[in-house]
Amino acid sequence: MKENNIDLAFIRGILREYEGDDHALIEILQRAQEHYGYLPEEAIYEVSRIKGIPPAKILGVATFYTQFRLRPVGKYLIMLCKGTACHVNGADGIEKAVSEELNIKDGETTEDGLFSLKTVACLGCCSLSPVMMINDETYGSLTPEKAKEILRGYKARGGDAE
Amino acid sequence: MMKIVIGEGSCGIAAGAEKVYKALDAVRDGFELGITGCIGMCFLEPIADVYNEKGLLLKRLVRLTPEDAPRVAAAVKSGDLDSVKDLEIKDEDAEILSKQTRIALRHCGLIDPEDIDSYTADDGYKAIEKVLKEYTPEQVIEVIKTSGLAGRGGAGFPTWFKWDAARKSPGEEKYLICNADEGDPGAFMDRAVIESDPHSLIEGMLIGAYAIGASRAFVYVRAEYPLAILRLKKAIRDAEEKHYLGKNILGSDFSLELRIKAGAGAFVCGEETALIESLEGSRGMPRLKPPFPAQKGYINKPSNINNVETFANVAWIINHGGEAFAAMGTETSKGTKVFALTGKIRRGGLVEIPMGLTLRDVIFGIGGGIRDGKKFKAVQMGGPSGGCIPESLLDTVIDYKALSATGAIMGSGGMVVMDENTCMVNMAKFFLDFTTKESCGKCVPCRIGTKRMYEILDRITKGEGKPDDIEKLETLCTGVKDGALCGLGQTAPNPVLTTLKYFRDEYEAHIGEKRCPAGECAELRRYRIDKDACRGCTLCARKYPVGAIAGSVKQPHEIDPEKCIRCGACYDVCRFGAVVRE
């Protein structure tokens with residue numbers, strides 16, 4: 001396996017922690033994604049090799065759950081809520097505004113690698129609907145204009161901001 | 001010393017509570033500062049409560065901004081609270097709390113969720129102490145039976161029955177699992193309980209584990225709830241330190257190891273056998289029942305799964321007796337239920353009420369009715385498994401049986417209120433879009449049936465509905481309901497069935513007249529220009545992408561309906577309200 005730039009020492013360390021635990025695949029993948037930002041192919045093969053789980057099964061799990069991604073995401077991950085309350089309060093309009101502002105659709109990343117857009121089922125902040133989360137920050141009571149303004153704020157901060 | 005306590009649940013933080021906290025901390029002088037969870041009045045966040053040195057609530061300040069901090073700090077320091085009267089909660093809003101009966105939410109918004117002493121000071125861990133000293137497991141189950149507590153996750157199955165089955169199931173190694181995979185869009189009570197009162201969940205689970213004879217337990221939490229996971233982790237650590245968790249709890253023979261497992265985002269994992277698959281590290285696909293989890297659950301050992309809200313009631317029931325709980329509610333549904341009131345509601349948030357109130361009591365009495373002077377159309381209950389209840393049934397009492405009779409369900413407690421501008425066909429489409437995406441794909445009726453239903457609904461909302469579409473939908477509904485393997489598929493048709501039952505005229509208008517009565521479906525909207533209101537500013541004609549608007553400067557413009565692509569750009573851009581949408 002080509003190792004590209006993936007540091008496999010990390011995943012090996014994780015796998016040592018879960019030695020003998022046959023039910024921890026999801027936790028292992030979660031921690032791998034937390035570290036790498038996504039699930040690199042090399043890491044999946046390493047899990048397979050050490051755990052003795054076929055790569056197809058690992059990929060089956062990874063693609064079943066919406067949390068896992070097989071490609072890197074932008075610096076700012078926008079999770080746009082499309083739950084019932086957000087839907088009733090105009091989430092479609094917010095999605096349109098975000099797409100217009102960033103020129104990306106659901107599941108895509110901007111060319112500069114700054115933003116990724118992902119629609120999600122419910123963030124549980126229904127009383128502030130419509131809602132979106134950018135990394136760990138939640139923004140509620142959005143209007144299309146307000147959403148665009150927030151994104152412009154992030155754009156202005158560019159790649160430097162935390 | 002006086003104390004200011006800020007509500008820091010996820011909603012509060014999203015509304016800016018943390019910024020208010022920091023601003024107050026920067027000018028802190030002569031008062032203490034603390035945090036609490038969610039009081040449930042989300043529409044008033046950020047909220048700060050001012051307590052005197054005896055712990056008595058003096059004032060509740062609402063919709064605070066960091067700019068209010070110096071003024072609030074000065075008022076609290078000087079004791080002249082009247083100087084911030086403008087920030088105080090209005091009487092009509094404060095009334096929302098007095099109309100509730102809080103059991104599952106009894107500590108929410110009152111105690112500090114990150115401080116175990118704050119919980120024990122309010123009778124916390126008294127129930128497990130009592131159980132370990134005085135009750136046999138069978139007696140615990142008896143108390144729960146008397147209380148009539150039923151599963152709050154949606155199905156409403158009697159809790160004692162599940163506990164009893166798991167207890168009697170042969171085997172030494174048993175597991176207790178808490179389902180905190182709150183996936184119903186529009187429901188967030190489980191998140192609020194964990195964020196605001198994590199120890200009551202732990203205590204409920206301790207009692208449950210003792211009753212069924214489990215020494216290991218899991219909480220399966222949605223990964224989308226990072227704050228809940230953080231607070232629960234801390235609560236578990238603190239409880240272990242104080243010997244409420246771990247080996248030989250409070251000096252007894254009873255031991256419990258409690259672990260958190262974060263879900264990875266799959267609605268179907270709310271189904272108990274799918275949840276177990278996920279706990280085992282596999283794709284969350286439901287198993288055939290029987291065997292039930294009580295016989296063969298996690299790693300094929302007897303297991304019992306309850307929802308967060310169910311567990312949050314347990315310690316209260318032990319402390320107050322099963323009879324006290326059963327005294328509330330109706331013949332078939334006992335106790336209270338928490339609802340998440342959202343959508344086009346004036347006062348949205350979490351409310352806990354005794355069973356037996358009507359939907360009208362909750363939506364209009366507590367929630368204050370519809371926002372912006374609009375008309376009530378329907379309330380959606382039970383999420384993707386539930387249905388839409390029309391105005392004519394608003395006097396339905398909240399009770400498992402009565403709600404099921406409408407075609408909706410009690411569900412986990414999401415109540416999404418809709419007004420006249422919500423299209424019910426689009427609503428049904430919204431839910432089917434959800435279920436097609438969340439269907440695990442194991443059984444054909446669900447995997448393909450929901451997809452075909454979605455396609456029909458999609459074309460209806462686009463004005464391409466066919467005369468026999470309603471009939472086709474009905475056939476598909478029956479097929480999926482009867483044929484699907486698990487609850488997700490079996491209930492997926494409910495949003496379609498209820499909207500067909502109560503709002504059939506909207507379907508017919510979409511199909512027959514190519515018209516959306518609510519004006520929501522973009523493809524069916526028609527636009528025209530009101531000649532008297534148009535000033536001839538030419539803005540719409542210049543904005544218009546396809547050249548369907550004609551007219552010269554200072555002359556009324558006109559839309560060519562043949563060329564119009566119904567994008568709504570003219571409607572959005574007009575500054576004189578001259579574009580009419582119908």
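# Reading a predicted two-chain model

Q: At B:E352, how should I read a polar contact of 2.5 Å, and which side chain lies at its other end?
A: The general idea is that a pair of N or O atoms within 3.5 Å, one able to donate a hydrogen and the other to accept it, is read as a polar contact. In this structure, which is a predicted model, the side chain of B:E352 is joined to that of B:T336 by such a contact of 2.5 Å. A polar atom of the B:E352 side chain also lies 2.9 Å from the backbone nitrogen of B:I103.

Q: Where does B:E352 sit, and is it buried or exposed?
A: The cut-off to keep in mind is that buried means under 20% relative accessible area. B:E352 belongs to strand β10 of chain B, residues 349-354, and since its relative accessibility is 0%, it counts as buried. Once residues up to four places away in sequence are set aside, its contacts include B:R102, B:I103, B:A104, B:N313, B:T336 and B:K337. Sequence and space can also be compared for a chosen pair: B:E352 and B:V131 are 221 residues apart along the chain, and their C-alpha atoms are 26 Å apart.

Q: How do I read the pairing of a strand, and in which sense does β9(B) pair with β10(B)?
A: Pairing is read from the bridges between two strands, and at least two bridges are needed. Strands β9(B) and β10(B) pair in the antiparallel sense over six bridges, and they form a hairpin with five residues between them. One bridge can be followed by name, from B:K337 to its partner B:I353 in β10(B). Strand β9(B) also pairs with β13(B), residues 414-419, but here the sense is parallel and there are four bridges; B:T342 has B:V416 as its bridge partner in β13(B).

Q: How many of the residues of β9(B) are buried?
A: Eight of the eight residues in this strand, which runs from 336 to 343, are buried. Both of its faces are covered, with B:T336, B:V338, B:A340 and B:T342 on one side, and B:K337, B:F339, B:L341 and B:G343 on the other.

Q: How should I read the packing of a helix, and what do the buried residues of α21(B) pack against?
A: A careful way is to list the buried residues and then to look for what they touch. In helix α21 of chain B, residues 494-502, the buried residues are B:N494, B:P495, B:V496, B:T498, B:T499 and B:L500. These residues pack against strand β12 and against helices α17, α18, α19, α20 and α22 of chain B.

Q: What should I look for in phi angles and peptide bonds?
A: Most residues other than glycine have a negative phi, and most peptide bonds are trans, so the exceptions deserve a look. B:R63 has a positive phi near 45° and lies in the loop between β4 and α3 of chain B, while B:Y125 has a positive phi near 60° and lies in the loop between α5 and α6 of that chain. Their surroundings can be read from accessibility: B:R63 counts as partly exposed because its value is 48%, whereas B:Y125 counts as buried because its value is 0%. As for peptide bonds, a cis bond with omega of about -5° joins A:S129 and A:P130, and A:P130 is placed in the loop between β2 and β3 of chain A. Another cis bond, with omega of about 0°, joins B:P290 and B:P291, and B:P291 is placed in the loop between α12 and β8 of chain B.

Q: How can one residue show where the two chains touch, and which residues does A:H87 contact?
A: The chain letters in a list of contacts give the answer. A:H87, in helix α5 of chain A, is in contact with A:D92 and also with B:N426, B:M427, B:F430 and B:E520, leaving aside its neighbours within four places in sequence. A:H87 counts as buried because its relative accessible area is 11%.

Q: How do I describe a whole chain, and how many helices and strands does chain A have?
A: Chain A has seven helices and four strands, and its C-alpha trace spans about 50 × 30 × 25 Å along the principal axes. Of its 162 residues, 54% are buried. Chain B can be described by its domain assignment, which gives five domains, among them domain 1 (2-98) and domain 4 (424-512); the centres of these two domains are 46 Å apart.

Key: Residues are numbered from 1 along each chain as its sequence is written. Chains are lettered from A and ligands numbered from 1 in the order in which they are written. This is a predicted model: local features need pLDDT of at least 70, side-chain atom pairs count only at pLDDT 80 or more; totals for chains, interfaces and linings use all residues. Side-chain values use heavy atoms; hydrogens and water are left out. Buried means under 20% relative accessible area, exposed over 50%, partly exposed in between (1.4 Å probe, protein chains only). Helices (H or I, at least four residues) and strands (E, at least two) are DSSP runs, numbered from the N terminus. Contact means heavy atoms within 4.5 Å. Domain bounds come from an automatic or database domain assignment.
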